[in-house]
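Let's take a walk through this structure together, one helix at a time. Keep the sequence at hand as you read.

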Amino acid sequence: MIKSYSVILPTLNEVGHIKKLILDISEIFNLNNTKYEIIVVDDNSSDGTVDVVKKIELKNLNVKIFVRKDKKKNLVDSLKDGIKFSKYNYIIWLDADYSHPPEYINEFIQTNNNGNY
């Protein structure tokens with residue numbers, strides 16, 4: 001049974017990374033023929049991150065953005081919001097600055113598809 005994944009990307013001023021990261025994540029899921037969604041939870045970035053993601057969202061139905069306006073900037077709260085918005089049972093969280101390499105998603109997919117979860 002193929003599993004489906006929600007990837008949560010908490011962001012704050014990640015305009016330099018976010019487009020490539022979303023493309024890299026999408027490619028991994030597409031190559032594995034696996035259903036996914038990417039949820040960007042942004043803490044009201046001021047550098048254009050939101051605009052970049054909104055443009056991607058228009059072209060890729062698997063991408064969603066939620067902007068946390070008028071809330072305290074907080075990683076844990078961003079993750080909680082991302083989990084609330086997610087539609088799949090398997091949730092992956094990655095930092096938007098590549099400190100968590102998206103290539104590891106392949107291992108999650110293979111492990112889950114082999115029943116080793």
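Start on the outside of helix α2: the face turned away from its buried side carries the exposed residues D51, K55, L58 and K59. Bear in mind as you look that this is a predicted model.

Now turn to the other side of α2, which runs over residues 49-59 and has T49, V50, V53 and I56 as its buried residues. Seen down the helix axis, these buried residues fall within an arc of 125°, so they line one face of α2. The general rule behind such a pattern is that an α-helix has 3.6 residues a turn, so residues three or four places apart point the same way. And what do the buried residues of α2 pack against? Their partners are the strands β1 (5-11), β2 (36-42) and β3 (63-67), along with helix α1 (18-31).

Two of those strands deserve a second look. β2 and β3 pair in the parallel sense, with five bridges between them. The chain gets from β2 to β3 by way of α2, and this β-α-β crossover is right-handed. Within the pair, D42 stands opposite V67 in β3.

Finally, follow α1. With 14 residues at 1.5 Å a residue, α1 should span 20 Å, and this agrees with its end C-alpha atoms, which are 20 Å apart. The buried residues of α1 are I18, L21, I22, D24, I25, S26, I28 and F29. Their cover includes β1, β2, α2 and β3, and also β4 (90-93) and α4 (105-113). Just after α1 you will meet N33, which takes a positive phi of about 50°.

Definitions and conventions
Residues are numbered from 1 along each chain as its sequence is written. This is a predicted model: local features need pLDDT of at least 70, side-chain atom pairs count only at pLDDT 80 or more; totals for chains, interfaces and linings use all residues. Side-chain values use heavy atoms; hydrogens and water are left out. Buried means under 20% relative accessible area, exposed over 50%, partly exposed in between (1.4 Å probe, protein chains only). Helices (H or I, at least four residues) and strands (E, at least two) are DSSP runs, numbered from the N terminus. The arc is that of the directions from the helix axis to the C-beta atoms. Contact means heavy atoms within 4.5 Å. Two strands pair if DSSP finds at least two bridges between them. A crossover is right-handed if, with the strands pointing away from the viewer, the path from the first strand over the helix to the second runs clockwise. The expected span of a helix is 1.5 Å times one less than its number of residues.
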